[in-house]
Amino acid sequence: MLRSRETNPAPATDGVRLGDIVLRNRLVTSSSLLGYGVANSPLLPYGMSPISLFVPLSEFGAVTTRTLTVEPREGHFTTRDDWSLAELPGLLKRYRTVLRGTDAGFLNAFGWCNIGIDAYLRDYYPRTREQRTIISLGGFSAEEFVTLVDRVNAAVPAGDIAAVEFNVSCHNVNFDFSTILQDVLDEAVPRSNHPVILKLSPDYDYVRNAKQAAKAGVSALTAINTVKALRLDPRTGTPWLANRYGGLSGRAIKPIGLRVVSELRDAGVTLPIIATGGIRTVDDCREYFWAGADAVSLGSATWLASYPGYALAPIKALRVRRVLRAVRRYSTLPNRDSASL
């Protein structure tokens with residue numbers, strides 16, 4: 001049963017409660033950037049970001065997995081995560097077709113490349129039990145979401161994870177999710193033994209989608225997913241990404257994310273909101289809390305860098321730790337006129 005949004009909830013002894021969702025604190029990590037929370041490669045043991053080597057993932061409110069589908073999916077990239085140092089040049093070449101730095105952000109089109117829900121639950125989830133986890137799920141029909149929910153229910157006892165997140169808003173899989181959203185909410189949400197988070201896109205009718213989610217029993221919202229975008233080579237007109245269009249993330253979309261969170265609150269949406277989009281510093285967190293967010297999520301603005309910039313991972317990790325320490329002390333939510341971060 002849904003709980004109304006609390007203005008200044010006190011932290012529970014086992015974490016921070018956002019309605020039905022219990023986090024260790026109000027700072028989580030966004031989907032995909034840290035893979036499955038652990039990997040098989042000594043080169044990138046937490047997925048795409050070496051910054052993760054220097055930040056304790058178990059201290060975050062929750063770590064959100066890469067979006068998982070019923071069957072393994074290559075997408076526009078690969079399902080492999082066991083790259084060796086000798087393969088690094090080839091890996092970086094592959095990355096350039098699905099991930100590119102752009103003006104104040106990143107453009108990606110991985111296309112939900114993942115190992116599939118069964119392999120994740122068998123090979124990865126047991127190795128991340130010390131983390132609080134949000135399992136991101138993606139599908140192209142209500143039936144697929146029902147299957148995903150049933151498999152998570154069978155493998156993960158209620159309360160062992162923070163939530164499952166329904167990614168029904170990704171732009172780089174070339175699908176109109178508005179055609180299935182209501183069926184997904186009606187059929188898959190009631191079956192879940194875990195709280196459900198709906199991930200909203202700023203390119204859809206997010207206010208309407210949020211109100212649909214509330215009626216269906218969703219426990220929280222993630223706002224926002226990436227923004228559909230395009231970059232072309234100015235000399236040839238060739239798209240930067242293999243999928244032509246991709247999802248824009250990072251600093252460039254922070255004003256959009258803030259607008260969406262604020263407009264959701266202005267529209268009377270009371271579900272807890274986990275805000276993401278360009279968050280990098282304590283000030284960014286404060287802005288999102290002022291706009292109406294209950295928790296914040298670090299994404300590409302924090303975990304990614306230009307490839308040479310990865311050498312600065314230990315220094316960048318210090319900034320992440322500072323944000324984590326500040327948000328962990330943040331036991332109450334601000335209103336729009338005050339903040340205590």
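Of the contacts in this chain between residues at least 6 apart in sequence, 74% join residues at least 24 apart. Keep in mind that you're looking at a predicted model. The chain has 341 residues, and 58% of them are buried. In terms of secondary structure, it holds 9 helices and 14 strands.

**The barrel**

- Eight strands close up into a barrel here: the order is 3-4-7-8-9-10-13-14, and the pairing is parallel.
- On average, neighbouring strands of this sheet are turned by 25° against each other, ignoring direction.
- For a concrete piece of it, take strand 9 (residues 196-200) and strand 10 (residues 220-223), which pair in the parallel sense over 4 bridges.
- If you want a spot to click on, K199 stands opposite T222 in strand 10.
- Helix 7 (residues 282-291) packs on the sheet, where it touches strand 13 (273-276) and strand 14 (295-298).
- The direction of helix 7 makes about 140° with that of strand 14.

**The hairpin**

- Generally speaking, strands of a sheet pair through backbone hydrogen bonds, in either a parallel or an antiparallel way.
- Strand 5 (residues 99-102) and strand 6 (residues 105-108) run antiparallel, joined by 4 bridges.
- Within that pair, R100 has L107 of strand 6 as its bridge partner.
- The two strands, 5 and 6, make a hairpin with 2 residues between them.
- Check the backbone at A104 in the turn: its phi is positive, at about 55°.

**Helix 5 against helix 6**

- As a rule, two packed helices are described by the angle between their axes and the distance between the axes.
- For helix 5 (residues 206-216) and helix 6 (residues 254-266), those values are an angle of about 55° and axes 10 Å apart.
- Angles from 35 to 65 degrees fall in the oblique class, so helix 5 and helix 6 count as oblique to each other.
- As for handedness, helix 5 passes helix 6 in a right-handed crossing.
- On the helix 5 side, the contact is made by Y206, V207 and A210, while helix 6 brings in R259, V260, E263 and L264.
- Sorted by class, the contact between helix 5 and helix 6 has 5 nonpolar residues, 2 charged ones and no polar ones.

Definitions and conventions:
Residues numbered from 1 in each chain as written. Predicted model: local features only at pLDDT ≥ 70, side-chain atom pairs only at ≥ 80, totals over all residues. Heavy atoms only, no water. Axes fitted to C-alpha atoms, helices over the stretch in contact; angles between N-to-C directions. Parallel < 35°, antiparallel > 145°, perpendicular 65-115°, else oblique. Left-handed = near helix turned anticlockwise from the far one by under 90°. Contact = heavy atoms within 4.5 Å. Nonpolar A, V, L, I, M, F, W, Y, C, P; charged D, E, K, R; others polar. Pairing = 2+ DSSP bridges. Buried < 20%, exposed > 50% of the residue type's maximum accessible area, 1.4 Å probe, protein only.
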